[in-house]
Amino acid sequence: MLTRVALRAALGSSVGVLGESVALSVKPWTRSPTFLSAPRVGGGEFKSTAPAVGSFAVPPPVRHYARVAKMKKTGPVSQLADLPSTMLKMDYAAVPLAQATDEVVKRLLSLELASHAEKLQRKKEQYIAKVQRDENDRSSVEVKVAVLTARIRNYQEHLLKHHKDKANKRRMLMAIDRRKKLLKNLRLVNYEAFEKVCEQLGIVYTFPPEYYRRATRRWVAKKAFCIKVFQEVQKQKAEQRLMKQGLGSKIKAV
């Protein structure tokens, strides 16, 4: 019985000591007088940047310096830039009701809110109207050249922004080769139509070289060797001719 009472008294005293030590170690958070009495940034005194006890650290002000303005690169003017925004789309150009509607509907049907493909189709029709033989001409060489010209210029504008697009670059080169063949054939068949197409579409026709071969060191050495062999053969043939002439003169003398 006495041992139980003594054990309870010892436990109570130890708990009381532990509670006092915790109460002494944990203090309520209070703002320090240095944080409250710190001067403003615009004041005459310097602001203390050292973190005070019981307060948050105030970071120093960050200076954002002005960046140098970059000059925007001005590329070539797009072929679609001369299309007026009030022009109707290709699907609604021949509809008479579209001309009599209000301004909101006209704006929806115009090129102002059209996609790039619709604008390109309108540009193709402009090129075709310049070079076609009659109103119903849709399959002549001139019309094919006009369609390829609009397509090639669209590829060129695309590759100026996305120069790593190899697929469209290949398509552009194939279209250029096809247009070259059509222009070459048109120049041989109808020279007046060829001049008209080049003038109306702004095409500069350049003649391809007759023969071109990249001069490598192996090719140059081989060509020099062939020339040397040819010269030696010519010398042997000349000696043989002289010998025949000498024999002929001897036979005549006999």
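This is a short tutorial dialogue on reading features of a predicted model.

User: Let's start with the overall fold. How many helices and strands are in the chain?

Analyst: Happy to begin there. In this predicted model, the chain has nine helices and zero strands. Read from the N terminus, the elements run α-α-α-α-α-α-α-α-α.

User: And what share of the residues in the chain is buried?

Analyst: Of the 254 residues in the chain, 20% are buried. A residue gets that label when its relative accessible area is under 20%.

User: Now to charges. How should I think about a salt bridge, and how many does a search of the whole structure find?

Analyst: The general idea is simple: side chains of opposite charge can pair when their charged atoms come close. Here, the search of the whole structure turns up five salt bridges.

User: Which residue does glutamate 125 pair with, and where do the two partners lie?

Analyst: Glutamate 125 meets arginine 138 through their side chains, with an N to O distance of 3.0 Å. Glutamate 125 belongs to helix 5 (residues 116-131), while arginine 138 sits in the loop between helix 5 and helix 6 (141-161), so this pair ties together parts that are 13 residues apart in sequence.

User: Is each partner buried or partly exposed?

Analyst: Glutamate 125 is buried, because its relative accessible area is 17%. Arginine 138, with 47%, is partly exposed.

User: What about glutamate 142: which residue is its salt-bridge partner?

Analyst: That partner is arginine 133, and the closest N and O atoms are 3.3 Å apart. Look at the accessibility of each residue too: glutamate 142 is buried at 4%, whereas arginine 133 is exposed at 58%.

User: Can you show me another pair, the one with arginine 107?

Analyst: Gladly. Arginine 107 and glutamate 112 form a salt bridge through their side chains, at 3.2 Å from N to O. Arginine 107 has 46% relative accessibility and counts as partly exposed; glutamate 112, at 40%, is partly exposed as well.

User: Let's turn to nonpolar side chains. Which residues form a nonpolar patch on the surface?

Analyst: The patch consists of Val104, Val105, Leu108 and Leu113, and together they offer about 350 Å² of accessible area. Take valine 104 as an example: its place is in helix 4 (residues 103-109). Valine 104 counts as exposed because its relative accessibility is 57%, and the cut-off for that label is over 50%.

User: How do I read a pair that is separated in sequence, such as valine 141 and phenylalanine 194?

Analyst: Set the sequence separation beside the distance in space. Valine 141 and phenylalanine 194 are 53 residues apart in sequence, and their C-alpha atoms are 9.7 Å apart. Valine 141 lies in helix 6, and its relative accessibility of 24% makes valine 141 partly exposed.

User: Last topic, pockets. How much space lies in the largest pocket, and which residues lie nearest its centre?

Analyst: The largest pocket holds about 290 Å³ of space. Its lining has 14 residues, and those nearest the centre are Ile176, Lys180, Tyr205, Thr206 and Pro208.

User: What classes of residue make up that lining?

Analyst: Sorted by class, the lining of the largest pocket has eight nonpolar, five charged and one polar residue.

Technical notes: Residues are numbered from 1 along each chain as its sequence is written. This is a predicted model: local features need pLDDT of at least 70, side-chain atom pairs count only at pLDDT 80 or more; totals for chains, interfaces and linings use all residues. Side-chain values use heavy atoms; hydrogens and water are left out. Patches are made of residues with over 30% relative accessible area and no salt bridge: like charges are joined within 9 Å, nonpolar side chains (Val, Leu, Ile, Met, Phe, Trp, Tyr) within 5 Å. Accessible areas come from the Shrake-Rupley method with a 1.4 Å probe; for residues, only the protein chains shown count as cover. A salt bridge is a side-chain nitrogen of Lys or Arg within 4 Å of a carboxyl oxygen of Asp or Glu. Helices (H or I, at least four residues) and strands (E, at least two) are DSSP runs, numbered from the N terminus. Buried means under 20% relative accessible area, exposed over 50%, partly exposed in between (1.4 Å probe, protein chains only). On a 1 Å grid over the protein atoms alone, a cavity is a set of points where a 1.4 Å probe fits but cannot get out, and a pocket is an open set with protein on both sides within 12 Å along at least five of seven lines; lining residues have an atom within 4 Å of a point. Grid points are joined across faces, edges and corners, and a volume is the space filled by probe spheres set on the points. Ala, Val, Leu, Ile, Met, Phe, Trp, Tyr, Cys and Pro count as nonpolar, Asp, Glu, Lys and Arg as charged, and the others, Gly among them, as polar.
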